[in-house]
Each structure stands twice: as structure tokens, then as C-alpha cells.
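Reader: Got a minute to go through this one with me? I'd like to start with a pair of side chains and then move on to the helices.

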Amino acid sequence: MLRLLSFALFLAIWWIAALFVGGAKLPSPPAVLQVMIAEASSGALFLHLGATLARVILAFVLAMSLGSAIGYLMGRVKLADRLGDPWLILLLNLPALVVIVLAYIWAGLTEAAAIAAIAINKLPTAIVTLREGTRALDRSLDEMASVFAMPRWRAFRHVVLPQLAPYIAASARSGLSLVWKIVLVAELLGRPNGVGFEIGVAFQLFDTPRLLAYSLTFAAVVLVIETLLVQPFEARATRWRPRAA
């Protein structure tokens, strides 16, 4: 109910602001809804949303897989940590726009370049989170697994992975929010489809209703995925932790 009230308040403020500012700069909710329906009826809305979601999924899976493996290695092996730390600091402070532009220059305006650029921007945050999680592992549990001669994979599955689960969940949630933002920039600069591409076209035409229609539809999809997938996964991963009273 609180979420519905918050949404209703947002619509009310938007509608009032549209009356004061004017439809040219801020179209009313019905005007934006009309554009959404028209784009959905033509199939363009679902086409561009699908393209953006595909890029998000591919880049997110790639970044999480590599970031988790590298972060775990840096947390376990001091030499790997010392060798990788300067590059990690560089990637953390390198602007996303620079990475995207360089990827397009070096690899061309291709799908692979866009996905790689998005994944590279997400990669360092995953590495940092998993590295800190690995450093926080309980060494006594490692010793217990060694005493009982547990196979390496079984020890990782039943001893290490449950301890890393909250860090993986935190990395996934923060990383997904980052990927959502970066994918639009990548599409704006060098892809012929996607929500970011449509936002760029709307900007060039000063078509505010169309810009808001795609932006709000994209935001709605993000909220649905966050509510139905990310939050339940995070709650399950941290269910063993004691809750504050």
C-alpha cells in the first residue's frame, strides 16, 4: 500500500507540474501514456526493450562471472592481489564514457564492443566486493574442511560459498543498478536499437513525450526485476544472518 501511495503521489506531483510548466517541456501523464500505447501497438517498444534487456543480461553475467573469479583469487592469493590492485584502482576510477568510446574505436560499432564495454564498467565493483568477502572468510572452517579431508569442490560448495553468498548478492544488486545506467549510454553512442537509442532519437527531435515514454517504461521494468528477482535473491542469500530487533 505504501508503494502504491508513493506512486500515486508521484503521478499527482507530475500532473500538477505539467500544468504549471506546460506540455511542451513536461507532458502530462495521459500524453505520455498515449505514446507508450502507440509504441507498444507498433511493436517498437517491445523490440527496443528486448534489445536492452539482452545486453544487460549478457554484460551482467559476464561481469559477475569474471569479477567473482578474479575477486576470489585476489582475496586468497596475496601475489594476485598485489599484481591486480593497481589495475583495479584504475578501472574503478576510469569514467564509463571513456571505456565505451574506446571500445567502439578499437572494436567498431558492434554488439560485442557494447557488451564488453558495459561488462568492463561493472567488473571492478564485483572484484572489490568478492575480494573483501573472501578476506572475511572464517579460516577455522577451512581448517575443519582440511581435517575432515573434504574434496576441494565439496569444501568450496558447502563451506566457502555460503559465506560468500551475501557478498555475491550485494555485488549483484549494486552491479545490476550500475549496468542499467551504462547500457543506455552505450546504446546512445553506438547501437541502432535499444532504449538508449530511442532516447537519443527523442532528444534530437525534442520529442519529450517519447523520451519520457521510453524512460518510464525502462524504469518500470527495472522496478519489476528488482522486486521479483533481486530482492528475493538477496533475502535468501542473507537469511542466515541475525536480524536487528
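Reader: How far apart are Phe10 and Trp14 in helix H1, in helical turns?

Author: About one helical turn, because they sit four residues apart in helix H1 (residues 2–21). Helices here are DSSP runs of H or I with at least four residues, strands are runs of E with at least two, and numbering starts at the N terminus. Before we go on: this is a predicted model, where local features need pLDDT of at least 70 and side-chain atom pairs count only at pLDDT 80 or more, while totals for chains, interfaces and linings use all residues. Residues are numbered from 1 along each chain as its sequence is written, and side-chain values use heavy atoms, with hydrogens and water left out.

Reader: OK. How many aromatic pairs are there?

Author: Three aromatic pairs. The rule takes rings of Phe, Tyr and Trp (its six-membered ring) with centres within 6.5 Å; planes under 30 degrees apart are stacked, over 60 edge-to-face, and the rest tilted. Phe10 and Trp14 form a tilted pair, since their ring centres are 5.9 Å apart and their planes are at 45°.

Reader: And are those two buried or exposed?

Author: Phe10 is partly exposed, because its relative accessibility is 42%. Trp14 has 10%, so that one counts as buried. The cut-offs are under 20% relative accessible area for buried, over 50% for exposed and partly exposed in between, with a 1.4 Å probe and protein chains only.

Reader: What about Phe203 and Phe206, how are their rings arranged?

Author: They make a tilted aromatic pair, with 6.4 Å from centre to centre and 40° between the planes. Phe203 is exposed at a relative accessible area of 58%, and Phe206 is exposed too, at 72%.

Reader: Where does Phe206 sit?

Author: In the loop between helix H9 (195–204) and helix H10 (208–237). The backbone of Phe206 deserves a look: its phi is near 55°, a positive value in a residue other than glycine. Most residues other than glycine have a negative phi.

Reader: Switching topic. What does the chain look like overall, in helices and strands?

Author: It has 10 helices and zero strands. Its C-alpha atoms fill a box of roughly 70 × 50 × 30 Å along the principal axes. Of the 245 residues, 37% are buried. Among contacts with a separation of 6 or more, 72% come from residues 24 or more positions apart; a contact means heavy atoms within 4.5 Å.

Reader: Back to H1. At what angle does it cross H2?

Author: Roughly 105°, and the axes come within 9 Å. Axes are lines fitted to C-alpha atoms, for helices over the stretch in contact, and angles run from 0 to 180 degrees between N-to-C directions. H1 is therefore roughly perpendicular to H2; the classes are under 35 degrees for roughly parallel, over 145 for roughly antiparallel, 65 to 115 for roughly perpendicular, and oblique for the rest.

Reader: Which residues make that contact?

Author: Leu11, Trp14 and Trp15 of H1, with Pro29, Pro30 and Val32 of H2. By class, the contact of H1 with H2 has six nonpolar, no polar and no charged residues. Nonpolar covers Ala, Val, Leu, Ile, Met, Phe, Trp, Tyr, Cys and Pro; charged covers Asp, Glu, Lys and Arg; the others, Gly among them, are polar.

Reader: Now H5 and H6, how do they pack?

Author: H5 (residues 96–107) and H6 (residues 111–135) pack at about 150° with axes 9 Å apart, so they are roughly antiparallel. The residues of H5 in the contact include Val99, Ile100 and Tyr104, and those of H6 include Ala117, Ile120 and Asn121. By class there are 10 nonpolar, one polar and no charged residues in the contact of H5 with H6.

Reader: And what's the angle between H4 and H6?

Author: Roughly 135°, with the axes of H4 (residues 78–93) and H6 coming within 9 Å. H4 and H6 are therefore oblique to each other. From H4, Asp81, Asp85, Leu88, Leu91 and Leu92 take part, and they meet H6 residues including Ile120, Arg131 and Arg135. The contact of H4 with H6 has seven nonpolar, one polar and four charged residues.
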